[in-house]
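Trainee: Before we use these labels, I would like to go through how each one is reached.
Mentor: Then let us set the values beside the cut-offs and see what follows.

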Amino acid sequence: MTVDWRIRFGVLALIWGFSFLFIKVGTEGFAPFQVTFGRLLFGTAVLAVAMLLKRERLPRGRRTWLHLTVAAFLLNALPFSLFSYAELTIPSTLAGICNATTPLWGMLLSLVALSEDRPTRVRAAGLGIGFIGVLTVLGAWQGFSGLDVTGTMLALLASFSYAVGWIYVRRTLTGTGASNLSLAGSQVGLATLQLAVVTPLFTSLPSSIEIVPLLAVIALGALGTGYAMLLQYGVVSEVGPTTAAMVTYFIPVIATAAGVALLDEQLSWNTPVGAVIVLAGAALTQTRSRSGRSSIRAAATPSKPTVPEPAATAGRRP
């Protein structure tokens with residue numbers, strides 16, 4: 001908190017933007033499930049140290065732990081694994097752009113899942129614009145030629161999982177009495193246990209361990225999953241979820257720049273153009289009516305700590 005929030009915001013965008021590159025490099029030496037397990041393990045370690053230093057207590061109650069188990073699957077174990085598998089066949093730039101569709105999925109799901117989050121005409125227009133951007137990125141007018149459909153669908157499904165997960169968290173874990181750090185650390189820890197069970201069933205130990213993929217997995221976990229979450233909660237608590245949510249719009253830009261500059265990934269004109277359209281649509285879906293803003297402000301100042309608004313975290317945890 002001694003560092004200006006704008007600097008922490010920029011560091012957060014860089015870490016999450018580079019996460020797609022770390023995934024790509026990690027899968028060059030490890031199986032996708034191993035990459036996911038490694039990032040969760042190192043992320044849990046960072047959050048556990050933070051909880052010990054702050055003397056945070058673990059959440060209480062069987063119901064809370066059951067909800068955390070579901071949240072760990074939807075927000076960590078599943079999307080992290082899907083992105084790892086997706087980047088076996090698609091470039092990290094495309095994965096980063098697919099990740100930016102999370103607010104669009106959230107808007108679509110809110111039509112049926114969150115009755116208090118009614119769409120406006122502007123937000124509905126944003127949804128339509130955003131998906132036009134997705135079609136532009138994918139080159140729909142060319143019949144999606146040259147596109148790995150399976151990898152792209154996995155990346156989009158990962159973003160959809162984030163949206164479902166945050167709606168679930170918003171409906172089940174708000175007002176539990178536990179701090180955000182305690183909930184986050186417990187959630188990532190549970191996801192680590194889930195991958196610890198799954199990984200040995202579908203993978204075998206690598207015959208050799210290459211240093212660069214190993215460092216990528218360590219950075220992905222310690223920075224992208226552990227330290228980034230600490231930065232995120234600090235920014236949210238200082239400037240609010242609306243401002244913190246703007247990090248979503250920097251991530252695909254950084255992911256694209258990193259992929260092109262460091263991995264020599266090819267970039268056709270429709271990728272950046274479509275990305276801009278996606279981000280414009282996503283921004284419109286986050287607008288609120290005056291009544292909506294009032295209800296959000298009221299919900300943002302409860303007597304007990306709560307999980308940040310989904311908009312503050314959507315689209316950035318690759």
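What follows is a conversation about the labels given to parts of this predicted model.

Trainee: Why is the contact between Asp-4 and Arg-6 called a salt bridge?
Mentor: The label requires a side-chain nitrogen of Lys or Arg within 4 Å of a carboxyl oxygen of Asp or Glu. The side chains of Asp-4 and Arg-6 meet at 3.2 Å, N to O, so the pair satisfies that limit.

Trainee: What makes Arg-6 exposed, and what is the corresponding label for Asp-4?
Mentor: Exposed means over 50% relative accessible area, and partly exposed covers the range between 20% and that value. Arg-6 has 53% and therefore counts as exposed, whereas Asp-4, with 34%, is partly exposed.

Trainee: How many salt bridges does a search of the whole structure find, and with which residue does Glu-238 form one?
Mentor: The search finds two. Glu-238 is bridged to Arg-8, with the closest N and O atoms 2.4 Å apart, and that value is again within 4 Å. This pair links distant parts of the chain, since Glu-238 belongs to helix H9 and Arg-8 to helix H1, 230 residues apart.

Trainee: Is Arg-8 buried or exposed?
Mentor: Arg-8 is buried, because its relative accessibility of 9% is under the 20% limit. Its partner Glu-238, at 37%, is partly exposed.

Trainee: What makes Val-3, Ile-7, Val-11, Leu-223 and Tyr-227 a nonpolar patch?
Mentor: Membership asks for over 30% relative accessible area, no salt bridge, and nonpolar side chains joined within 5 Å. Tyr-227, which is found in helix H9, has 37% relative accessibility and so passes the 30% threshold, while the label for its accessibility remains partly exposed. Together the five residues of the patch have about 390 Å² of accessible area, and the elements that give two or more residues to the patch are helix H1 (5-26) and helix H9 (211-239).

Trainee: Why is the pair of Phe-18 and Phe-22 called tilted?
Mentor: Two values have to be checked, because a pair of aromatic rings is described by the distance of the centres and the angle of the planes. A search of the whole structure finds nine aromatic pairs, and among them are Phe-18 and Phe-22, at 6.4 Å centre to centre with 40° between the planes. The centres lie within the 6.5 Å limit, and the angle is neither under 30 degrees, as stacked would need, nor over 60, as edge-to-face would need, so tilted is what remains. The two rings are about one helical turn from each other, because Phe-18 and Phe-22 are four residues apart in helix H1. Phe-18 is partly exposed at 26%, whereas Phe-22 is buried at 18%.

Trainee: What makes the pair of Phe-20 and Phe-83 edge-to-face?
Mentor: The planes of Phe-20 and Phe-83 meet at 80°, with the centres 5.6 Å apart, and an angle over 60 degrees is what that label asks for. Phe-20 lies in helix H1 and Phe-83 in helix H3 (residues 62-86), 63 residues apart. Both are buried, as the relative accessible area is 0% for Phe-20 and 0% for Phe-83.

Trainee: How do you know that the charged end of Arg-39 sits over the ring of Phe-80?
Mentor: The distance to the ring centre is 3.6 Å, which is within the 6 Å allowed. The label also demands a position within 35 degrees of the ring normal, and the pair is listed as sitting over the ring.

Trainee: Why is H4 described as largely enclosed by the rest of the structure?
Mentor: Eight of the eight residues of H4 are buried, so the description follows from that count. One of them is Ser-92, which has 1% relative accessibility and lies in helix H4 (residues 92-99). Beyond its neighbours within four places in sequence, Ser-92 is in contact with residues including Phe-20, Leu-21, Ala-255 and Gly-259.

Trainee: What makes Leu-21 buried, and which residues does Leu-21 touch?
Mentor: Its relative accessible area is 9%, under the 20% limit, so Leu-21 is buried. Leaving out residues up to four places away in sequence, Leu-21, which lies in helix H1, touches Ser-92, Ala-258, Leu-262 and Leu-263.

How values were computed: Residues numbered from 1 in each chain as written. Predicted model: local features only at pLDDT ≥ 70, side-chain atom pairs only at ≥ 80, totals over all residues. Heavy atoms only, no water. Patch = residues over 30% accessible without salt bridge, like charges linked within 9 Å, V, L, I, M, F, W, Y side chains within 5 Å. Areas by Shrake-Rupley, 256 points an atom, 1.4 Å probe, with all protein chains shown as cover. Buried < 20%, exposed > 50% of the residue type's maximum accessible area, 1.4 Å probe, protein only. Contact = heavy atoms within 4.5 Å. Phe/Tyr/Trp six-rings, centres within 6.5 Å; stacked < 30°, edge-to-face > 60°.
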